[in-house]
Amino acid sequence: MLTFESKMSPASIVPAFIKQLQFCDLKPGETVLFLTDDSSPRETVEAGLAACTALGNACYQVRVPSGPDVRFVGANPYEAPGLLEAFRKVDLVVSFVVGFFSGWERAVRESGGRILNILDAPSMLLKLQGHAGFKRVALAAKRQVQAAKTIRVTSAAGTDFSYEVDHNAPYLCHYGAADEPGHMDEWGQCMMSAFPVDGTTSGTVVARPGDMWALPYMRLVQSEVRIEIREGYVRKVSGGLDARLFEDWLAECKTSDSDLDPYAISHLGWGMNPNASYHDVINFEHKMDHLVAAVRGLPGSFLFSTGPSYKRKTRGHIDMPLLGCTVALDGRAVVRDGRIVEPELMV
């Protein structure tokens with residue numbers, strides 16, 4: 001019987017990778033570039049190359065010595081002119097390194113290419129793998145966010161904040177497949193998030209024990225974190241050890257005493273992957289490579305984040321999926337007490 005921790009041969013992953021490439025609508029004649037580094041799981045990379053070969057698609061691998069630190073979103077070294085040109089000429093990039101908000105990501109998408117991020121261990125990829133239903137609910141969530149002006153998030157723990165949706169910003173609509181020109185997605189993901197209009201986020205966010213850090217650490221929250229937000233920025237953090245971690249990380253990421261970018265509110269949204277389980281978090285609490293997709297796609301969890309955006313570069317990125325929240329779009333709840341209640345958003 002397959003366990004979460006078992007090592008798998010490429011032969012056991014190839015069928016899943018073939019399914020994933022088909023989910024990405026890989027067409028005959030399209031070319032696939034695998035972007036890897038020394039830490040990329042070789043069995044998954046080899047399975048991907050084998051799957052491409054089995055489907056008859058040309059593929060090749062670009063391997064760099066080491067990828068960027070996953071904590072520092074947007075800090076990416078793969079922007080040499082020759083490499084950017086290679087990115088622009090392929091149809092699908094399968095990336096084993098984080099490329100969000102990077103120059104090479106923009107180069108691929110602006111040329112009409114797609115990006116599939118693979119950031120989890122093989123066993124989790126198999127567990128979280130999606131199907132057409134994922135796209136249906138993610139696009140439904142995107143339509144509902146596009147139609148909304150204001151989103152309010154509340155919880156019994158004391159969270160109560162609201163923001164205006166920035167409809168000029170890119171929507172982070174993920175359903176596990178890079179199947180359309182310019183689309184970037186992640187194997188195993190199903191979630192919807194959007195950026196707030198700068199300066200409109202205000203209120204209180206309370207993370208309580210049992211909520212989750214996803215960046216810069218992968219761990220369960222151990223003590224309450226009370227975050228006061230005003231005019232789009234974190235203004236005050238209070239609580240126990242986790243609050244101290246929160247404050248220290250953002251302060252460490254400042255480039256000057258007056259730098260507020262780490263404290264800015266970034267993308268906000270909720271998870272919808274029915275294959276993701278809270279037990280995953282308990283099993284793999286400190287293992288980043290097992291939980292990247294699972295904690296963000298956990299159904300009904302609300303992802304609160306700070307730092308970078310499509311127009312703001314900063315190392316101060318925090319992702320905190322919160323449990324038990326109610327998410328209301330212009331007063332209409334789509335998630336209530338941590339459970340999806342909008343039928344259109346249920347896989």
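Let's start with Ile265, which sits in the loop between helix H7 (241-252) and strand E15 (268-271). Please keep in mind that we are looking at a predicted model. Not counting residues up to four places away in sequence, Ile265 touches Pro196, Thr201, Ile229, Gly232, Tyr233, Val234, Phe304, Ser305, Thr306 and Arg312. Is Ile265 buried or exposed? Its relative accessible area is 3%, and the cut-off for buried is under 20%, so Ile265 counts as buried. For a sense of distance, take Gly130: Ile265 and Gly130 are 135 residues apart in sequence, and their C-alpha atoms are 29 Å apart in space.

One of the contacts I just named is Phe304, so let's go there next. Phe304 belongs to strand E16, residues 302-306. Its relative accessible area is 0%, and it is buried. Which residues does Phe304 contact, if we leave aside neighbours within four places in sequence? Among them are Phe161, Val205, Ile227, Ile229, Phe246 and Ile265. The list also includes His267, Leu268, Ile318, Asp319, Met320 and Leu322. If you find Ile229 on your screen, you can see a residue that touches Ile265 and is also in contact with Phe304. Gln189 gives us another distance to look at: between Phe304 and Gln189 there are 17 Å from C-alpha to C-alpha, with 115 residues separating them in sequence.

Now let's step back to the whole chain. You can count nine helices and 20 strands in it. How does the radius of gyration fit with a compact globule? With 347 residues, such a globule would have a value near 20 Å, and the protein chain has 19 Å, which agrees. Along its principal axes, the C-alpha trace spans about 55 × 45 × 40 Å. Of the 347 residues, 59% count as buried. Among contacts in the chain with a separation of 6 or more, 69% are between residues 24 or more positions apart. The accessible surface comes to about 13700 Å², and 52% of that belongs to carbon and sulfur atoms. As for charge, there are 35 positive and 41 negative side chains, and the centres of those two sets lie 2 Å apart.

Let's zoom in again, this time on helix H3, residues 81-88. Its buried residues are Leu83, Leu84 and Phe87. Why do we say that they share a side of H3? They cover an arc of only 100 degrees around the axis, and that puts them on the same side of the helix. On the face turned away from that buried side, H3 carries the exposed residues Pro81 and Gly82. And what covers the buried residues? The cover includes strand E1 (31-37), strand E2 (58-64), strand E3 (92-95) and helix H4 (103-110).

That brings us to H4 itself. Here Gly103, Trp104, Glu105, Ala107 and Val108 are buried. The buried residues of H4 pack against E1, H3 and E3, and also against strand E4 (114-117) and strand E8 (184-186). Following H4 you will find Gly112, whose phi is positive, near 90 degrees.

E8 gives us a handy link to His183, which has its place in the loop between strand E7 (172-174) and E8. His183 is buried, with a relative accessible area of 14%. Setting aside neighbours within four places in sequence, it is in contact with Arg109, Gly113, Arg114, Ile115, Cys173, Tyr175, Ala177 and Ala178.

Tyr175 comes up again with Lys135, a residue of helix H6, residues 132-146. Apart from residues up to four places away in sequence, Lys135 touches Tyr175, Asp179 and Glu180. Is Lys135 buried or exposed? At 19% relative accessibility, Lys135 counts as buried, because the cut-off is under 20%.

Compare that with Glu164, in strand E6, residues 160-164. At 32% relative accessibility, Glu164 counts as partly exposed. Leaving out neighbours within four places in sequence, its contacts are Lys149, Thr150, Phe195, Pro196, Val197 and Thr200. Look at Ile151 too: it is 13 residues from Glu164 along the chain, and the two C-alpha atoms are separated by 6.4 Å. Pro196, in contact with Glu164, also touches Ile265, and that takes us back to where we began.

Conventions: Residues are numbered from 1 along each chain as its sequence is written. This is a predicted model: local features need pLDDT of at least 70, side-chain atom pairs count only at pLDDT 80 or more; totals for chains, interfaces and linings use all residues. Side-chain values use heavy atoms; hydrogens and water are left out. Buried means under 20% relative accessible area, exposed over 50%, partly exposed in between (1.4 Å probe, protein chains only). Helices (H or I, at least four residues) and strands (E, at least two) are DSSP runs, numbered from the N terminus. The arc is that of the directions from the helix axis to the C-beta atoms. Contact means heavy atoms within 4.5 Å. The radius of gyration is taken over C-alpha atoms; the globule rule is 2.2 Å times the number of residues to the power 0.38. Accessible areas come from the Shrake-Rupley method with a 1.4 Å probe; for residues, only the protein chains shown count as cover. Lys and Arg count as positive and Asp and Glu as negative; His and the chain ends are not counted. The place of a charge is taken as NZ of Lys, CZ of Arg, CG of Asp or CD of Glu.
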